[in-house]
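Visitor: I should like to learn how to read the features of a structure such as this one. May we go through them together?

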Amino acid sequence: MLVDGDPRLACVTPVARVAGREVTTADGLPEPLRSRLAAAFCETGGFVCGYCTPGIVVRAHALLSAHGDEGGSPDRASVSGALAANLCRCTGWQSVVDAVQLAAGGTVPATPSDDADVPVGAHRFLADLEPAAVDHWIVPVLAGTAAGTFVSVDGDHLLRAADLPDRSLAGWRVLNPGDEVTDAGDVVALARGESLSAARTAAAAARVAVDAPHGVPGAASEPAAWANPPWDPAFLEPEAARARVGEGMLEAWSQTETPDDEARLLRLAWPECEVELHVETNGGSYGGKAGAGPAGLAALASEVIGGEVAVVLGRRESIMWHRRRHPARTDVDLEVDAAGRLLGVDGILVLAGGGADPGPCPYDCPAAVLVEVEPGRRAGAHRGEGHLQWTFALETALDRAGVDRGASLHDLPRACLEVVGDRDGVAVAGGAGLAVAAGVDLDADGRIESVVLAYGGAPDDLDTHNAVVSGAFTGLGCAIAEDLPMRDGVPTPATIRSLGMLRCGHTPPFEVRCAVAGVETGPWTVDEHALAAVPAAVANAVRRCFGTDADRLPMRESPPARAARRR
């Protein structure tokens, strides 16, 4: 938003601070620049879910308006600097900067886009829906410790397990006294109120007692050749849902990215009800909104107190409650002949909190990966889950062993690698029919000068190029910045800024090339392969340029990570 004409972050600005001042949101931006920006964002693919885009457009409008007064158009560095305070999970920023520069040039696409309302905030997400229809609001009260025995929860306006129907499914379980706590995000009660603020006040005042609380080390802390932490999906949209139960009918409104799964789970929990699930626009997810979302909690409350119940999680509750990427540890054994050709791969991928698929193998040799599951927080369903962890270990192991990738790859991934060319670090992810090769170049200080990506087996079009950049951007964050700070198994602090997402000025140029065009099919997507390839390419570049092997992500003390923080 603009406050007296100056850009401010609405999400961290108290209302009292803007009392008596002029506040302008995306709705009130002056034309024709407002429409020109919206059209430019549609033209370049400068948004994906669109949740963060209105705030970006407001800042871009202020920047271009100032340049209009001063004359000239901002260069890419100026645009990146102006957007440094904003967060975007999806785009990788390149198409965003392209959109701002396109709008600065005065070019408006001749054919208006059907999505032109999304960049300027006219599109509504679930938490934006009319609150007048809501009869009650709830906020989950969480255990707040990683393990122990739940004793009690005290406070006013709470629905405890004894107050709720016994519909025991793990995703919507509310603990009874005596139950074992398995994660800090376990729900021990639902705080209710006639407004969201009242429900949040009741949740904040609740006092939770857990006997003998203790932390859980998690898989990533065990000895292994390679290890990865539990990343957070870090979507920006608040997690929310609504539900109404009565007269043999369960009607729910959800953000889920897996509607068939959530509808099935609701039918299993409420077999006597006809279930009608309305899926609202998803403001980003990365797997955190798969399976049993908060709609089940709203339905439990509605069955007891009646009417339509809405649940909206705050950032702390969201980070502690939703699915995370698995903590993992990995070991790799390679069989390599005297000429450097890869003859076989064996490995083990140990995941905490659920299983995942290590993904296809781009190499023309036998590959066997044993996946083991250890107890832990419910996890998984993220983009590239299992594939990222395994590819990081495999591709860095190949580099250390001096494997001749060109002689070992299937034809299509080999073509991708040839297009990437000689770089400081390279890595390949995918299989014989769909693959991505990533190449990374560093300068003398370790700053990432460029990331070159070549893909095969998918269409040669703007949507695919932007998907590759999006995956590469997420992979770069996993490589050098993103982390989920944990203390004794509890996310601490549980804030969006603590997760280490890369900002606009932190990202290098991404160059995307299509090596072999095709039709994307199968369970894996080109953006997942880009995500999996980039961390290993960065690690291999660091090894080649600085002589340091990486076996943990993120590589926060590596030269590229330090250089990104200096930007």
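Visitor: Is strand β8 (residues 187–193) largely enclosed by the rest of the structure or exposed, and how many of its residues are buried?

Guide: The model before us is predicted. The burial of a strand is read residue by residue, and a residue counts as buried under 20% relative accessible area. In strand β8, six of the seven residues are buried, so the strand is largely enclosed by the rest of the structure.

Visitor: Which strands pair with β8, and in what sense?

Guide: In general, strands of a sheet pair through backbone hydrogen bonds, either parallel or antiparallel. Here, strand β4 (residues 136–142) runs antiparallel to β8 and is joined to it by six bridges. Within that pairing, Pro-140 stands opposite Leu-190 of β8. Strand β6 (residues 158–159) also pairs with β8 in the antiparallel sense, over two bridges, and there Leu-158 faces Ala-191 as its opposite residue.

Visitor: What is the strand order in the open sheet of three strands?

Guide: The order is β2-β1-β3, with antiparallel pairing. Strands β2 (6–7) and β3 (23–24) stand at the edges with a single partner strand each, so one side of each has no neighbour in the sheet. Strand β1 (residues 2–3) is joined to β2 by two bridges, and Val-3 is found opposite Asp-6 of β2.

Visitor: Let us turn to the interior. How many residues make up the largest nonpolar core, and which have the most contacts inside it?

Guide: In soluble globular proteins, nonpolar side chains tend to be buried together. In this model the largest nonpolar core has 109 residues, and those with the most contacts inside it are Phe-41, Leu-453, Ile-480 and Val-538. Helix α13 (residues 526–546) contributes the largest share of this core, twelve residues. A second, separate core has 37 residues, among them Ile-138, Trp-270, Cys-273 and Ile-305.

Visitor: Which residues does Phe-41 touch, leaving aside those up to four places away in sequence?

Guide: With those set aside, Phe-41 touches Gly-46, Phe-47, Thr-53, Ile-56, Val-57, Val-96, Ala-99, Val-100 and Pro-119.

Visitor: How should I read the largest pocket: what is its volume, and which residues lie nearest its centre?

Guide: A pocket may be described by its volume, its lining and the classes of residue in that lining. The largest pocket has a volume of about 1100 Å³. Its lining consists of 36 residues, and Ala-10, Cys-11, Tyr-51, Cys-52 and Gly-55 lie nearest its centre. By class, this lining holds 21 nonpolar, seven polar and eight charged residues. Helices α2 (53–70) and α8 (315–321) each supply at least two residues of the lining, and the largest share, four residues, comes from α2.

Visitor: How many cavities of 30 Å³ or more does a search of the whole structure find?

Guide: The search finds six. The largest cavity has a volume of about 80 Å³. It is lined by 15 residues, of which Glu-239, Gly-288, Lys-289, Gly-293 and Pro-294 are the closest to its centre. The lining of the largest cavity divides into four nonpolar, six polar and five charged residues.

Visitor: I should also like to examine the backbone. What is the omega value of the peptide bond from Glu-31 to Pro-32, and is that bond cis or trans?

Guide: The omega angle is the value to read for such a bond. From Glu-31 to Pro-32 the peptide bond is cis, with omega near 5°, and Pro-32 lies in the loop between β3 and α1 (33–44). Another cis peptide bond joins Leu-553 and Pro-554, where omega is about -5°. Pro-554 is placed in the loop between α13 and α14 (559–566).

Visitor: What is the phi value of His-157, and where does this residue lie?

Guide: His-157 is not a glycine, yet its phi is positive, about 60°. It lies in the loop between β5 (148–154) and β6, and His-157 is exposed, with a relative accessible area of 57%.

Visitor: Is Ala-234 buried or exposed?

Guide: Ala-234 is buried, with a relative accessible area of 0%. Its phi is near 60°, a positive value in a residue other than glycine. Ala-234 is located in the loop between β10 (226–228) and β11 (240–246).

Methods. Residues numbered from 1 in each chain as written. Predicted model: local features only at pLDDT ≥ 70, side-chain atom pairs only at ≥ 80, totals over all residues. Heavy atoms only, no water. Core = buried A, V, L, I, M, F, W, Y, C linked by side-chain atoms within 4.5 Å. Buried < 20%, exposed > 50% of the residue type's maximum accessible area, 1.4 Å probe, protein only. Contact = heavy atoms within 4.5 Å. 1 Å grid on protein atoms, 1.4 Å probe; cavity = no way out; pocket = protein on both sides within 12 Å on 5 of 7 lines; lining within 4 Å. Points joined across faces, edges and corners; volume = space filled by probe spheres on them. Nonpolar A, V, L, I, M, F, W, Y, C, P; charged D, E, K, R; others polar. Pairing = 2+ DSSP bridges.
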